[in-house]
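Visitor: Please take a close look at a single part of what is shown here, and set that part in the context of its surroundings. I would like to know how it is built, what it touches and how far its confidence values go.

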Amino acid sequence: MQRHFNRKFDRTAAVLGALCFFLSALEFMIPRPLPFIRIGLANFPILLALEILPLPGILTVVFLKILGQGLIQGTLFSYTFLLSAAGSLCSAGIMILLNRLGEKRISLIGVSAAGALTSNIIQLFLAQLLLVGRAMYLIAPPFLAAGLVSSIILGALAETFCRKSLWISRHKGFFHEKA
Amino acid sequence: MKKPDTAAIVFFCGLGTLPAFLFQQDLIIKISEAGIFILLNIFFRKKVRIFPPLIAFLSIVFMNLLSPYGKVIADAGFLRVTDGALESGIMKAGTFLGLLYLSKISVTRETAVPGRAGKLITETFYLFEQLTDEWKNIEEKGILQRLDRLLLTIDSKKKEKLPETAEKSINKFSAVLFALVFLGSWIFIFL
């Protein structure tokens, strides 16, 4: 029984991790107006993980997302990876806290927006420290605004997907039953 | 005797080159090394997009120019270009690009990670390939319906045996060339 649970747990985390890779690759192909502005598509599976997986599963998906982005985009040894990893870990922490403590009071839109803001603030801080110095305040407003808008859209999509998806309802049922 | 894995050699050469590149204080050598990493990327197989790194390079230099220090070497009215800020900007931008391209050469999908985490990563990469293949075959219209169908299709497939080795994208010559770059980067540290 436990083995079946573990297998299902690993498989679901791997599917969501693979979806992070897929969306990362997709985002990598979309031309960006400025190199610092990103849509953050790879956060979508993390929002789904918040709805269906227990805490260790969510952390596994976050780990896979960070590693996958480093491997697919080839940035594992670079500042880009450091910025992305720090941003992802901190935003995951905030999203898990809001999702678990807020229960039904905070929607995935709110969770996604808070996660994106946290991630972007951490990345700005590190970029200021390592790359561009005090002039970072010039990038900060468009960077934060773009992150906020895209995260709200992503959160709304995740909220709709969680309500309508058959895949989500199957997995949600399984893990919630076991919990 | 087991043959050495070229992906592993390239990975460890990259890992070994990393500190030599980071500790390099000479601006000319650092920029040259970054240039070599970009050339190696072109040579190895990878497509190098010109504009995003160029914009990143120029943005970092420009941002650094906004905090002037040192002797004024040019005055563009709204912006005073100082030698210290320019040098610092080029150094940071060069480090940023160098690390990015060093990483792109060193890290490939064939880079194996040991242990349980390694198995999970292998499975994730396998599922990623499946998602990419299946995406084209899904006929649902809306993006969310399409995604739901895609996940259900992946779930319904029986777990096939994971491939032992992926197709190699790095040949031995590339690995030897990269090993020479690794040695060269350390020689320049002590010169």
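Chain B and its contacts with chain A

Guide: Within chain B, the lowest confidence falls in H5(B), with a mean of 78, and the highest in H6(B), at 90; the score here is pLDDT, the predictor's confidence in each residue on a scale from 0 to 100, and the elements are DSSP runs numbered from the N terminus, helices being H or I runs of at least four residues and strands E runs of at least two. This is a predicted model, in which local features need pLDDT of at least 70 and side-chain atom pairs count only at pLDDT 80 or more, whereas totals for chains, interfaces and linings use all residues. Residues are numbered from 1 along each chain as its sequence is written, and chains are lettered from A and ligands numbered from 1 in the order in which they are written.

Chain B has a mean pLDDT of 79, with 85% of its residues at 70 or more. Over residues 161-167 of chain B the pLDDT stays under 50, and for this stretch the model has 5 contacts beyond four places in sequence, a contact being a pair of residues whose C-beta atoms, placed from the backbone, lie within 7 Å. The model as a whole scores ipTM 0.85 and pTM 0.70.

As for its build, chain B holds 7 helices and 2 strands, which follow the pattern α-α-α-β-β-α-α-α-α along the sequence. An automatic or database domain assignment, the source of the bounds used here, gives chain B domain 1 (6-110 + 167-190) and domain 2 (115-156), and the centres of these two domains, taken over C-alpha atoms, are separated by 35 Å. Of the contacts in chain B between residues at least 6 apart in sequence, 70% join residues at least 24 apart.

Buried residues account for 30% of the 191 residues of chain B; a residue is buried if 20 or more other C-beta atoms lie within 10 Å of its own, exposed if 12 or fewer, and partly exposed in between, with the C-beta atoms placed from the backbone. In H4(B), 18 of the 24 residues are buried, so this helix is largely enclosed by the rest of the structure. From its first C-alpha to its last, H4(B) reaches 34 Å, close to the 34 Å expected at 1.5 Å a residue, where the expected span is 1.5 Å times one less than the number of residues. In helix H7 (residues 172-190) of chain B lies Gly184(B), which is partly exposed because 14 other C-beta atoms lie within 10 Å; Gly184(B) and Ala20(B) stand 164 residues apart in sequence but 9.4 Å apart in space, C-alpha to C-alpha.

Turning to the partner, 36 residues of chain B are in contact with 33 residues of chain A. On the chain B side, two or more residues each come from helix H1 (6-23), helix H3 (51-65), helix H4 (83-106), helix H5 (115-135) and helix H6 (143-156) of chain B. By class, this side has 22 nonpolar, 8 polar and 6 charged residues, counting Ala, Val, Leu, Ile, Met, Phe, Trp, Tyr, Cys and Pro as nonpolar, Asp, Glu, Lys and Arg as charged, and the others, Gly among them, as polar.

The largest nonpolar core has 83 residues, and those with the most contacts inside it are Ala18(A), Ala49(A) and Val61(A); such a core is a set of buried Ala, Val, Leu, Ile, Met, Phe, Trp, Tyr and Cys residues joined through C-beta atoms within 7 Å. Its largest share, 10 residues, comes from helix H1 (residues 2-29) of chain A, while domain 1 (6-110 + 167-190) and domain 2 (115-156) of chain B each contribute at least three residues to this core. Not counting residues up to four places away in sequence, Val61(A) touches Ala13(A), Leu16(A), Gly17(A), Cys20(A), Pro45(A), Ile46(A) and Ala49(A). Ala13(A), in helix H1 of chain A, is buried because 25 other C-beta atoms lie within 10 Å.

For context, chain A comes to 7 helices and 0 strands, and 49% of its 179 residues count as buried. The mean pLDDT of chain A is 84, and 85% of its residues reach 70 or more.

Notes:
Two residues are in contact if their C-beta atoms, placed from the backbone, lie within 7 Å.
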